[in-house]
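Q: Could you walk me through reading this model, feature by feature? I would like the general idea each time, and then the case at hand.

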Amino acid sequence: MKKHLLALALIAAAGGAQAAVISFSNSFGLATTGWTHNLTLQQFDTTLGSLNSVTFNYGGSVSSAFSVESLDGAAATVTANSSAALLFGGPISQTVNISGSTSQALSAFDGTIDFGGTSGANIGPVLASDAASVVILSGLASFIGTGAYDVNVTASGKSNASGSGNLLSMVNTQALANITVIYDYTARPPVAVPEPASMALVGLGMMGLAAVRRRK
(Lines give C-alpha, C1' and ligand atoms only; values in the text may rest on other atoms or scores of the structure.)
Protein backbone atom coordinates (compact mmCIF):
# COMPACT_ATOMS: atom_id res chain seq x y z
CA MET A 1 0.00 0.00 0.00
CA LYS A 2 2.81 2.37 0.93
CA LYS A 3 4.57 1.80 -2.42
CA HIS A 4 1.40 2.56 -4.37
CA LEU A 5 0.86 5.80 -2.47
CA LEU A 6 4.44 6.88 -3.07
CA ALA A 7 4.11 6.23 -6.79
CA LEU A 8 0.90 8.23 -6.84
CA ALA A 9 2.58 11.13 -5.11
CA LEU A 10 5.41 11.28 -7.69
CA ILE A 11 3.21 11.48 -10.81
CA ALA A 12 4.08 14.67 -12.82
CA ALA A 13 4.23 15.78 -16.44
CA ALA A 14 7.73 15.67 -17.96
CA GLY A 15 8.83 16.45 -21.56
CA GLY A 16 11.90 14.78 -23.02
CA ALA A 17 14.42 16.28 -25.45
CA GLN A 18 13.39 15.96 -29.11
CA ALA A 19 15.16 16.18 -32.46
CA ALA A 20 14.09 19.17 -34.58
CA VAL A 21 15.13 21.19 -37.63
CA ILE A 22 14.86 24.82 -38.67
CA SER A 23 15.89 26.32 -42.03
CA PHE A 24 16.62 29.67 -43.68
CA SER A 25 16.90 30.43 -47.42
CA ASN A 26 18.13 33.15 -49.76
CA SER A 27 18.61 33.63 -53.51
CA PHE A 28 19.81 36.09 -56.17
CA GLY A 29 19.08 36.42 -59.92
CA LEU A 30 18.29 35.82 -62.74
CA ALA A 31 20.97 38.38 -63.61
CA THR A 32 23.51 38.66 -66.43
CA THR A 33 26.54 36.54 -65.51
CA GLY A 34 29.69 38.13 -64.25
CA TRP A 35 28.00 39.06 -60.96
CA THR A 36 29.08 38.57 -57.35
CA HIS A 37 26.56 38.69 -54.53
CA ASN A 38 26.31 37.90 -50.81
CA LEU A 39 23.51 35.57 -49.73
CA THR A 40 22.76 36.34 -46.06
CA LEU A 41 21.59 33.57 -43.72
CA GLN A 42 20.43 33.61 -40.11
CA GLN A 43 22.54 32.02 -37.36
CA PHE A 44 21.18 29.30 -35.11
CA ASP A 45 19.71 30.62 -31.85
CA THR A 46 20.71 28.32 -28.99
CA THR A 47 17.63 29.26 -27.00
CA LEU A 48 15.97 26.65 -29.26
CA GLY A 49 18.29 23.88 -28.13
CA SER A 50 21.65 22.26 -28.88
CA LEU A 51 22.95 22.35 -32.48
CA ASN A 52 23.96 18.93 -33.88
CA SER A 53 24.74 19.55 -37.55
CA VAL A 54 24.43 22.07 -40.37
CA THR A 55 23.32 21.14 -43.91
CA PHE A 56 23.61 23.47 -46.91
CA ASN A 57 21.50 22.84 -50.00
CA TYR A 58 22.81 25.08 -52.78
CA GLY A 59 22.59 25.47 -56.54
CA GLY A 60 20.86 27.54 -59.17
CA SER A 61 19.88 27.85 -62.79
CA VAL A 62 21.11 29.29 -66.08
CA SER A 63 19.17 30.86 -68.95
CA SER A 64 20.80 31.72 -72.30
CA ALA A 65 19.37 33.36 -75.41
CA PHE A 66 21.23 32.93 -78.71
CA SER A 67 21.21 34.75 -82.04
CA VAL A 68 23.13 32.77 -84.69
CA GLU A 69 23.90 33.04 -88.40
CA SER A 70 25.69 30.32 -90.35
CA LEU A 71 27.92 31.63 -93.14
CA ASP A 72 28.74 28.13 -94.42
CA GLY A 73 28.16 27.24 -98.07
CA ALA A 74 26.35 24.09 -96.95
CA ALA A 75 23.62 23.30 -94.45
CA ALA A 76 24.74 22.91 -90.85
CA THR A 77 23.34 22.01 -87.46
CA VAL A 78 24.19 24.57 -84.78
CA THR A 79 24.24 23.56 -81.10
CA ALA A 80 23.54 26.23 -78.48
CA ASN A 81 25.27 25.40 -75.21
CA SER A 82 23.94 27.24 -72.14
CA SER A 83 26.43 27.03 -69.26
CA ALA A 84 27.39 28.81 -66.07
CA ALA A 85 29.54 28.17 -63.02
CA LEU A 86 28.37 29.22 -59.55
CA LEU A 87 31.15 29.53 -56.99
CA PHE A 88 29.86 29.49 -53.41
CA GLY A 89 32.37 30.83 -50.88
CA GLY A 90 32.12 31.44 -47.16
CA PRO A 91 31.55 28.34 -45.06
CA ILE A 92 31.03 25.84 -47.91
CA SER A 93 33.53 26.71 -50.73
CA GLN A 94 31.82 24.69 -53.46
CA THR A 95 31.24 25.13 -57.20
CA VAL A 96 28.13 24.13 -59.14
CA ASN A 97 28.51 23.80 -62.93
CA ILE A 98 25.20 24.08 -64.76
CA SER A 99 24.74 23.30 -68.44
CA GLY A 100 22.08 22.55 -71.03
CA SER A 101 21.91 22.58 -74.82
CA THR A 102 19.64 22.51 -77.86
CA SER A 103 20.23 22.24 -81.61
CA GLN A 104 18.95 24.09 -84.66
CA ALA A 105 19.25 23.04 -88.33
CA LEU A 106 20.27 25.89 -90.65
CA SER A 107 20.60 26.09 -94.42
CA ALA A 108 23.60 27.30 -96.39
CA PHE A 109 24.15 31.03 -95.99
CA ASP A 110 21.18 32.84 -97.52
CA GLY A 111 23.18 35.97 -98.31
CA THR A 112 21.89 38.21 -95.51
CA ILE A 113 23.34 38.55 -92.01
CA ASP A 114 20.15 39.14 -90.08
CA PHE A 115 20.08 36.19 -87.66
CA GLY A 116 16.97 35.09 -89.48
CA GLY A 117 15.88 33.73 -92.84
CA THR A 118 16.97 30.16 -93.50
CA SER A 119 20.59 30.42 -92.36
CA GLY A 120 20.00 32.28 -89.09
CA ALA A 121 17.85 31.88 -85.97
CA ASN A 122 17.10 33.13 -82.51
CA ILE A 123 17.40 30.19 -80.13
CA GLY A 124 16.25 29.98 -76.55
CA PRO A 125 16.12 30.74 -73.84
CA VAL A 126 17.99 27.50 -73.18
CA LEU A 127 17.38 26.59 -69.53
CA ALA A 128 19.19 24.32 -67.08
CA SER A 129 19.51 23.91 -63.33
CA ASP A 130 21.49 21.89 -60.82
CA ALA A 131 21.93 21.56 -57.05
CA ALA A 132 24.12 19.92 -54.43
CA SER A 133 24.41 19.67 -50.65
CA VAL A 134 27.05 19.47 -47.96
CA VAL A 135 26.74 18.45 -44.29
CA ILE A 136 28.93 20.01 -41.58
CA LEU A 137 29.29 18.10 -38.31
CA SER A 138 32.12 19.96 -36.56
CA GLY A 139 33.28 23.54 -36.09
CA LEU A 140 29.71 24.74 -35.66
CA ALA A 141 30.52 27.78 -33.49
CA SER A 142 30.42 30.21 -36.43
CA PHE A 143 26.82 29.23 -37.14
CA ILE A 144 25.63 29.93 -33.60
CA GLY A 145 24.29 33.28 -32.44
CA THR A 146 21.48 35.74 -32.96
CA GLY A 147 23.00 37.49 -35.96
CA ALA A 148 23.69 36.50 -39.57
CA TYR A 149 26.52 35.49 -41.89
CA ASP A 150 27.16 35.73 -45.64
CA VAL A 151 27.78 33.13 -48.31
CA ASN A 152 29.53 34.87 -51.20
CA VAL A 153 28.48 33.69 -54.69
CA THR A 154 30.10 34.45 -58.06
CA ALA A 155 28.38 33.55 -61.34
CA SER A 156 30.45 33.08 -64.51
CA GLY A 157 28.83 32.47 -67.90
CA LYS A 158 30.36 29.92 -70.29
CA SER A 159 27.70 29.67 -73.00
CA ASN A 160 28.60 29.23 -76.67
CA ALA A 161 27.25 28.15 -80.05
CA SER A 162 29.04 25.62 -82.26
CA GLY A 163 28.56 23.30 -85.22
CA SER A 164 29.15 25.55 -88.21
CA GLY A 165 32.63 26.26 -89.48
CA ASN A 166 31.65 29.86 -90.20
CA LEU A 167 29.28 31.06 -87.55
CA LEU A 168 28.27 34.41 -86.14
CA SER A 169 26.68 34.28 -82.69
CA MET A 170 25.50 36.59 -79.94
CA VAL A 171 24.72 35.16 -76.50
CA ASN A 172 23.08 36.58 -73.41
CA THR A 173 23.48 34.38 -70.34
CA GLN A 174 21.80 34.91 -66.99
CA ALA A 175 22.18 32.91 -63.80
CA LEU A 176 20.34 32.47 -60.51
CA ALA A 177 21.82 31.16 -57.27
CA ASN A 178 19.97 29.88 -54.23
CA ILE A 179 20.94 28.42 -50.88
CA THR A 180 19.17 26.91 -47.87
CA VAL A 181 20.76 26.21 -44.50
CA ILE A 182 19.17 23.51 -42.34
CA TYR A 183 20.01 23.35 -38.65
CA ASP A 184 19.50 19.95 -37.03
CA TYR A 185 19.25 20.36 -33.28
CA THR A 186 18.04 18.81 -30.06
CA ALA A 187 15.21 20.94 -28.74
CA ARG A 188 15.21 21.99 -25.12
CA PRO A 189 12.52 20.13 -23.17
CA PRO A 190 9.55 22.34 -22.35
CA VAL A 191 9.05 23.48 -18.78
CA ALA A 192 6.44 21.17 -17.28
CA VAL A 193 3.41 22.96 -15.85
CA PRO A 194 1.39 20.56 -13.66
CA GLU A 195 -2.26 20.33 -14.66
CA PRO A 196 -4.96 20.68 -11.96
CA ALA A 197 -5.80 16.98 -12.21
CA SER A 198 -2.14 16.02 -11.72
CA MET A 199 -1.86 18.30 -8.70
CA ALA A 200 -4.98 16.72 -7.22
CA LEU A 201 -3.47 13.25 -7.61
CA VAL A 202 -0.25 14.37 -5.96
CA GLY A 203 -2.28 15.88 -3.09
CA LEU A 204 -4.26 12.68 -2.59
CA GLY A 205 -1.07 10.66 -2.62
CA MET A 206 0.50 12.85 0.05
CA MET A 207 -2.63 12.63 2.20
CA GLY A 208 -2.65 8.85 1.90
CA LEU A 209 1.02 8.66 2.79
CA ALA A 210 0.39 10.79 5.88
CA ALA A 211 -2.49 8.51 6.90
CA VAL A 212 -0.29 5.42 6.64
CA ARG A 213 2.35 7.04 8.81
CA ARG A 214 -0.25 7.93 11.49
CA ARG A 215 -1.44 4.33 11.62
CA LYS A 216 2.08 3.25 12.41
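Q: Is Ser93 buried or exposed?
A: Buried means under 20% relative accessible area, exposed over 50%, and partly exposed in between, with a 1.4 Å probe and protein chains only. Ser93 has 55% relative accessibility, so it counts as exposed. This is a predicted model, in which local features need pLDDT of at least 70 and side-chain atom pairs count only at pLDDT 80 or more, while totals for chains, interfaces and linings use all residues. Residues are numbered from 1 along each chain as its sequence is written, and side-chain values use heavy atoms, with hydrogens and water left out.

Q: What is the phi of Ser93, and where does Ser93 sit?
A: Its phi is positive, about 45°, although Ser93 is not a glycine. Ser93 lies in the loop between E4 and E5. Here helices (H or I, at least four residues) and strands (E, at least two) are DSSP runs, numbered from the N terminus. Phe115, also not a glycine, has a positive phi near 55°. Phe115 is in the loop between E5 and E6, and with a relative accessible area of 19% it is buried.

Q: How many helices and strands does the chain have, and in which order do they run?
A: There are two helices and nine strands. Starting at the N terminus, the order is α-β-β-β-β-β-β-β-β-β-α. Of the 216 residues in the chain, 34% are buried. The accessible surface comes to about 11,700 Å², with 55% of it belonging to carbon and sulfur atoms; such areas come from the Shrake-Rupley method with a 1.4 Å probe, and for residues only the protein chains shown count as cover.

Q: How should I read strand pairing?
A: In general, strands of a sheet pair through backbone hydrogen bonds, either parallel or antiparallel. The criterion used is that DSSP finds at least two bridges between two strands. In this model an open sheet of four strands has the order E1-E9-E3-E6, with antiparallel pairing. Strand E1 (18-32) and strand E6 (120-136) are at the edges with a single partner strand each, so one side of each has no neighbour in the sheet. From one strand to the next, the twist averages 15°; axes are lines fitted to C-alpha atoms, for helices over the stretch in contact, and angles run from 0 to 180 degrees between N-to-C directions.

Q: Over how many bridges do E3 and E9 pair?
A: Strand E3 (residues 49-70) and strand E9 (residues 167-187) pair over 21 bridges, in the antiparallel sense. Following the register, Ser50 has Thr186 of E9 as its bridge partner, and Gly60 has Ala177 of E9. E3 also pairs with E6 in the antiparallel sense, over 15 bridges, where Val68 is matched with Ala121 of E6. Of the 22 residues of E3, 17 are buried, so E3 is largely enclosed by the rest of the structure.

Q: Which peptide bonds are cis?
A: One cis peptide bond joins Gly29 and Leu30, with omega about 0°, and Leu30 belongs to strand E1. Another runs from Gly124 to Pro125, with omega near 5°; Pro125 belongs to strand E6.

Q: What should I look for in a nonpolar core?
A: In soluble globular proteins, nonpolar side chains tend to be buried together. A nonpolar core is a set of buried Ala, Val, Leu, Ile, Met, Phe, Trp, Tyr and Cys residues joined through side-chain atoms within 4.5 Å. The largest one here has 31 residues, and Val54, Phe56, Phe88, Phe143 and Ile179 have the most contacts inside it. E9 gives the most to this core, with seven residues. Apart from it lies another core of nine residues, including Val68, Ala80, Ile123 and Val126.

Q: Which residues are in contact with Tyr58?
A: Contact means heavy atoms within 4.5 Å. Leaving aside neighbours within four places in sequence, the contacts of Tyr58 include Phe88, Ile92, Val96, Ala132 and Ile179. Tyr58 is found in strand E3 and is buried, with a relative accessible area of 4%.
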